[in-house]
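Biologist: I am new to this structure. Please take a close look at the ligand surroundings, and then set them in the rest of the protein.

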Amino acid sequence: MLEEKIKSISLELGFENCRITKAIIPETDKQNILDWVKNGLNGEMSWFEKNLPIKLEFKNLGFEVKSVILLSLNYLDEEYEKVFSKQKIHFSKYAVGEDYHDVIKEKAKPILDYLKKEFPKNFFRQGVDSLPISEKVLAKESGLGWQGKNTNIINPEFGSYFFISAILTDLDLQVDEKISDRCGSCRACMDACPTNAIFDEYKIDATKCISYLNIEKKSKLEQDENLHSWIYGCDICQDVCPWNFRVAKKKNIYTNEPKFKIKSIFKDKPLEEFKNFTKSEFDDYKKKSATSRISFEKFKENFFSS
Ligand code: B12
Ligand code: SF4
Ligand code: SF4
């Protein structure tokens with residue numbers, strides 16, 4: 001069966017999970033996304049609004065998208081705690097290895113090759129954080145995980161330290177079932193968020209999120225915009241989640257992807273010394289790194305605002 005074949009290739013390649021859903025964004029999610037933008041909660045991420053017809057309706061993608069294959073790849077390196085836990089400033093777990101966009105694109109290539117060979121008349125498009133689609137909504141619909149109150153997708157076995165990649169196709173594939181929300185009465189992420197960015201259950205004001213402030217916000221940080229010692233991204237609402245620190249940790253769920261291992265530069269010197277980088281040292285360090293989203297000036301600003 002085709003769906004089983006796609007899943008077995010994905011697992012053989014090292015993806016931890018592969019699920020399938022229809023290319024449909026449920027009405028409640030559509031409305032939530034529209035409200036989010038209407039209320040300006042996307043801040044300076046104007047690229048988010050530009051592509052709403054694609055995000056909500058899969059329009060203008062060059063073919064009629066019928067199904068979406070969702071892949072997940074764990075990124076937490078088991079050495080992370082040892083390398084970073086005693087440091088005074090913090091660097092997010094998803095960005096200490098090689099650039100996940102490149103790594104996942106390369107890793108998923110054999111799936112695309114297989115599909116294109118078997119179905120030469122059909123269309124396939126793969127992306128990770130690169131196509132203007134709602135990866136979390138599709139992941140939730142496919143049962144890759146449920147959407148937690150911190151708004152990340154959580155899997156009952158793997159926790160939430162994983163990337164999501166989607167393959168869009170005009171093939172009509174058999175879909176998987178959703179899984180239930182297992183947050184229950186927990187509010188740990190909401191209580192721990194230092195900026196109150198999670199202002200209500202399942203609702204995030206990106207303009208307050210540290211990950212937005214230290215990566216996506218292009219204008220200068222305001223005096224009251226505190227990065228709470230995070231130089232790149234923020235992991236607090238995931239670190240306090242029992243599905244990560246209790247369940248996944250107990251099962252030793254770490255990345256199996258060698259390219260997500262912590263780059264040696266992080267082991268050679270403490271993070272604090274990164275603030276002395278010259279522009280050329282920074283450019284060198286940024287090569288093949290997930291930190292390529294920020295400029296030298298932004299990187300420096302993050303140090304001085306943290
Ligand atoms: C924009 C964006 C951001 C923004 C906004 C974050 C956000 N929550 O949307 C910023 C810059 C802040 C950000 C930060 C991070 N991001 Co980001 N980001 C994205 C991006 C590009 C789009 C997400 C999106 O569509 N947001 C729109 C809003 C409206 O979505 P939402 O908050 O999930 O809203 C839903 C819920 O609120 C729900 N809802 C609303 N009300 C209610 C009420 C109830 C009762 C219920 C049940 C639900 C519900 O409905 C909404 C629509 O579905 C995706 C990639 C992609 N193309 O999808 C990556 C993505 C979501 N990011 C990712 C990651 C890893 C992160 C960080 C962990 C990185 C870091 N360590 O710093 C943080 C996490 C911060 C957080 N708590 O969310 C991963 C998440 C993987 C996972 N396991 O979930 C993604 C999927 C990238 C990838 N391909 O792997 N990100
Ligand atoms: S990533 Fe940090 S700032 Fe953003 S919602 Fe989570 S805890 Fe709050
Ligand atoms: S910390 Fe608790 S409420 Fe937040 S996402 Fe995890 S289980 Fe859900």
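**Around the ligands**

Modeller: Start with α2, which gives four residues to the shell around ligand 1, the most of any element. A caution comes early: this is a predicted model. Helix α2 covers residues 27-38. The other elements that give two or more residues to this shell are α7 (135-142), β7 (162-169), β9 (203-204) and α9 (210-216).

There are 35 residues around ligand 1. Which come nearest? They are Asn32, Glu135, Tyr202, Ser211 and Gly233. By class, the shell around ligand 1 holds 18 nonpolar residues, nine polar and eight charged.

Now move to ligand 2. Its shell contains Asn150, Cys193, Thr195, Ala197, Ile198 and Ile204. Cys209, Ile210, Ser211, Cys234, Ile236 and Cys237 also belong to the shell of ligand 2. Ser211 is therefore a name to note twice, being listed around ligand 2 and among the nearest residues to ligand 1, with the shell cut-off set at C-beta within 6 Å. At least two residues of the ligand 2 shell come from α9, and at least two from α10 (236-239). How does the ligand 2 shell divide by class? Nine of its residues are nonpolar, three are polar and none is charged.

Ligand 3 comes next. Gly148, Lys149, Asn150, Cys183, Cys186 and Arg187 are in its surroundings. So are Ala188, Cys189, Val240, Cys241, Pro242 and Trp243. Two elements give two or more residues here: α8 (188-192) and α11 (242-250). The ligand 3 shell counts eight nonpolar, two polar and two charged residues. Asn150 is listed around ligand 3 and also around ligand 2.

Cys209 leads from ligand 2 into the protein interior. The largest nonpolar core has 68 residues. Those that touch the most other members are Ile69, Leu70, Tyr75, Phe163, Ala166 and Cys209. Take Tyr75 as one of them. Leaving out residues up to four places away in sequence, Tyr75 touches Lys93, Tyr94, Gly97, Tyr100, Tyr161, Phe162, Phe163, Thr255 and Phe260.

Strands are worth a look too. Strand β2 runs over residues 67-74. It pairs with β1 in the antiparallel sense, over six bridges. One bridge joins Cys18 to Leu71 of β2. Strand β1 takes in residues 17-22, and five of its six residues are buried.

Two backbone angles stand out. Most residues other than glycine have a negative phi. Ser229, however, has a phi near 70°. Ser229 lies in the loop between α9 and β10 (230-232). With 17 other C-beta atoms within 10 Å, Ser229 is partly exposed. Asn252 also has a positive phi, of about 55°. The loop between α11 and α12 (264-268) holds Asn252. Is Asn252 buried or exposed? It counts as exposed, because it has 7 C-beta neighbours inside 10 Å.

Last, step back to the whole protein. Its secondary structure comes to 14 helices and ten strands. The radius of gyration is 19 Å, close to the 19 Å that the globule rule gives for 306 residues, so the protein is as compact as a globular protein of that length. The C-alpha trace spans about 55 × 40 × 40 Å along its principal axes. Buried residues make up 37% of the 306. Among contacts with a separation of 6 or more, 77% link residues 24 or more positions apart.

How values were computed:
Residues numbered from 1 in each chain as written. Chains lettered and ligands numbered in written order. Predicted model: local features only at pLDDT ≥ 70, side-chain atom pairs only at ≥ 80, totals over all residues. Nonpolar A, V, L, I, M, F, W, Y, C, P; charged D, E, K, R; others polar. Core = buried A, V, L, I, M, F, W, Y, C linked by C-beta atoms within 7 Å. Buried ≥ 20, exposed ≤ 12 C-beta atoms within 10 Å, placed from the backbone. Contact = placed C-beta atoms within 7 Å. Pairing = 2+ DSSP bridges. Rg over C-alpha atoms; globule rule 2.2 N^0.38 Å.
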